[in-house]
Amino acid sequence: MAKVYWPYFDPEYENLSTRINPPSVSIDNTSCKECTLVKVDSMNKPGILLEVVQVLTDLDLTITKAYISSDGGWFMDVFHVTDQQGNKVTDSKTIDYIEKVLGPKGHASASQNTWPGKRVGVHSLGDHTSIEIIARDRPGLLSEVSAILADLNINVVAAEAWTHNRRIACVLYVNDNATSRAVDDPERLSAMEEQLNNVLRGCEQEDEKFARTSLSIGSTHVDRRLHQMFFADKDYEAVTKLDDFASRGLEPKITVEHCEEKGYSVINVSCEDRPKLMFDIVCTLTDMQYIVFHATISSSGSHASQEYFIRHKDGCTLDTGEKERVVKCLEAAIHRRVSEGWSLELCAKDRVGLLSEVTRILREHGLSVSRAGVTTVGEQAVNVFYVKDASGNPVDVKTIEALRGEIGHSMMIDFKNKVPSRKGKEEGQAGTGGGWAKTTFFFGNLLEKLLP
């Protein structure tokens with residue numbers, strides 16, 4: 001039998017252009033009095049804008065302005081950023097991290113390998129197992145899920161949950177409490193999945209979408225994964241208006257027009273500004289298979305204005321049906337992360353069943369969790385819950401004080417009420433939780449602690 005010879009392709013060929021023209025990152029603290037300029041120049045590639053924005057938002061940096069240009073083979077962006085206090089970025093570890101991850105020695109995707117708390121997927125990721133849940137939301141559901149895991153002696157190391165349009169999407173990182181290793185026994189995993197699905201099916205109605213639990217495969221940024229889960233669940237088909245937004249006239253205004261001269265579809269977004277707004281919009285456009293060629297981002301006070309010049313990845317602009325779908329999807333993406341009312345922040349020594357205990361107490365006081373974030377650093381667990389009463393109304397002060405009395409003796413606790421100020425911004429009215437109460441929890445703060 002005659003031998004067939006195939007041409008040889010060097011596996012590093014695809015990276016040749018990057019090696020010839022390595023990315024350049026510049027952190028400029030002198031050109032602007034009010035913010036830090038992050039300039040990124042590199043070879044263009046699919047998804048690069050999302051990767052860069054993801055790195056900045058994971059550090060909880062606020063993007064006040066941005067100028068994006070990626071037409072052709074080169075990607076040139078300028079981001080005006082500040083920290084959560086509105087100051088320039090001067091921390092050397094943060095600056096070094098940005099330069100390392102976005103610069104020639106590391107691509108943006110490498111950042112996901114540095115911080116497991118921002119990844120989901122992978123059946124056994126390091127010492128953790130990832131669980132994804134999508135279901136119809138109801139009061140006490142998070143409590144029931146965490147109780148099942150506690151009964152199985154499984155510890156929740158990190159988790160994030162969002163609710164939108166009566167649906168809940170949740171990603172949990174768990175490990176075996178006895179070994180602090182990933183749960184990899186097939187029988188145990190099967191039993192866990194079966195029990196979780198039984199709880200989720202119990203809250204479904206015949207005319208509702210199906211609930212599901214999955215041990216996912218692959219690796220995706222956790223916030224992006226939550227957007228993907230809701231998008232696949234088609235939560236955008238029943239977009240609802242937030243009462244507080246509607247009362248202040250701050251509902252997002254989104255338009256899609258056609259630019260004949262350049263052959264782009266132009267998306268304009270006008271809405272109330274908030275952290276990670278640009279990430280949520282760029283993430284949604286990327287997962288809908290649209291490419292951003294140019295963009296201008298600006299914010300003034302509490303208002304944000306964002307303009308994107310896009311095409312579908314096949315080079316086509318949007319037709320009428322696609323325009324309507326994009327508007328609905330962007331409205332949903334903007335609403336998912338918005339949380340009104342009281343936030344409850346807890347800090348305690350990590351142990352199996354901690355999440356189950358806290359969510360049980362919230363349920364017993366008639367509270368519903370609209371959004372949650374759980375993480376662990378060393379032996380300390382930090383939990384953040386946005387809560388309303390079972391009817392979706394704001395929580396009264398008596399309930400807050402009762403919670404403080406029941407939980408406060410065993411862990412550090414802080415309550416904040418997100419209320420609109422005269423300027424339209426959200427302000428936190430903090431409780432009397434001591435020195436720690438003055439610090440709002442952000443995942444990025446923990447990332448900085450983990451940086452070498």
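This is a guided tour of a predicted model, arranged as a series of selections to make in the viewer.

**Conventions**

Because the model is predicted, local features are reported only at pLDDT of at least 70 and side-chain atom pairs only at pLDDT 80 or more, whereas totals for chains, interfaces and linings use all residues. Residues are numbered from 1 along each chain as its sequence is written, and side-chain values use heavy atoms, with hydrogens and water left out.

**The whole protein**

Begin with the full chain in a cartoon representation. The protein contains 12 helices and 19 strands; these are DSSP runs numbered from the N terminus, with helices being H or I runs of at least four residues and strands E runs of at least two. Of its 452 residues, 51% count as buried. Here buried means under 20% relative accessible area, exposed means over 50%, and partly exposed lies in between (1.4 Å probe, protein chains only).

Switching to a surface shows an exposed area of about 21700 Å², of which carbon and sulfur atoms supply 51%. Such areas come from the Shrake-Rupley method with a 1.4 Å probe, and for residues only the protein chains shown count as cover. Among contacts (heavy atoms within 4.5 Å) with a sequence separation of 6 or more, 70% link residues 24 or more positions apart.

**The nonpolar cores**

Next, select Leu49, Phe79, Ile98, Ile267, Met278, Leu285 and Tyr308, which have the most contacts inside the largest nonpolar core, a set of 53 residues. A nonpolar core is a set of buried Ala, Val, Leu, Ile, Met, Phe, Trp, Tyr and Cys residues joined through side-chain atoms within 4.5 Å. Domain 1 (17–118) and domain 3 (253–336) each contribute at least three residues to this core; the domain bounds come from an automatic or database domain assignment. Apart from it lies another core, of 46 residues, including Ala159, Ile168, Val199 and Ala348.

**Phe79 and Tyr308**

Centre the view on Phe79, in strand S4 (residues 74–82). Phe79 counts as buried because its relative accessibility is 0%. Beyond the residues up to four places away in sequence, Phe79 touches a set that includes Leu37, Leu49, Val53, Leu56, Ile68 and Met278. A distance label from Phe79 to Ile297, C-alpha to C-alpha, should read 8.9 Å, although 218 residues separate the two in sequence.

Move then to Tyr308. With neighbours within four places in sequence set aside, the contacts of Tyr308 include Ile267, Met278, Ile281, Leu285, Val292, His294 and Ile297.

**Helix H9**

Select residues 320–336, which form helix H9. Its 17 residues reach 25 Å from first C-alpha to last, close to the 24 Å expected at 1.5 Å a residue; the expected span is 1.5 Å times one less than the number of residues. At the start of H9, a side-chain oxygen of Asp319 comes to within 3.2 Å of the backbone nitrogen of Gly321.

The buried residues of H9 include Val326, Cys329, Leu330, Ile334, His335 and Arg336. Among the elements that cover the buried residues of H9 are strand S7 (154–164), helix H6 (222–232), helix H8 (277–287) and strand S13 (290–300).

**Two positive phi angles**

Two residues other than glycine merit a check of their backbone torsions. Arg166, in the loop between S7 and strand S8 (167–176), has a positive phi of about 65 degrees. Arg166 counts as exposed because its relative accessible area is 57%. Gln289 lies in the loop between H8 and S13, and its phi is near 70 degrees. At 35% relative accessibility, Gln289 counts as partly exposed.

**Helices H4 and H10**

Select Ser143 in helix H4 (residues 141–151). Ser143 is buried, at 4% relative accessibility. Outside its neighbours within four places in sequence, Ser143 is in contact with Ser356, Thr359, Arg360 and Arg363.

Helix H10 (residues 354–364) holds Val358, a buried residue with a relative accessible area of 1%. Leaving aside neighbours within four places in sequence, Val358 is in contact with Leu346, Phe385 and Met411. The C-alpha atoms of Val358 and Ile407 are 8.0 Å apart, with their positions 49 residues apart along the chain.

**His221**

The last selection is His221, in strand S10 (residues 219–221). His221 counts as buried at 2% relative accessibility. Its side chain reaches the backbone nitrogen of Asp223 at 3.3 Å.

Note on methods
Polar contact = N/O pair within 3.5 Å; in protein donor to acceptor, adjacent residues only side chain to side chain.
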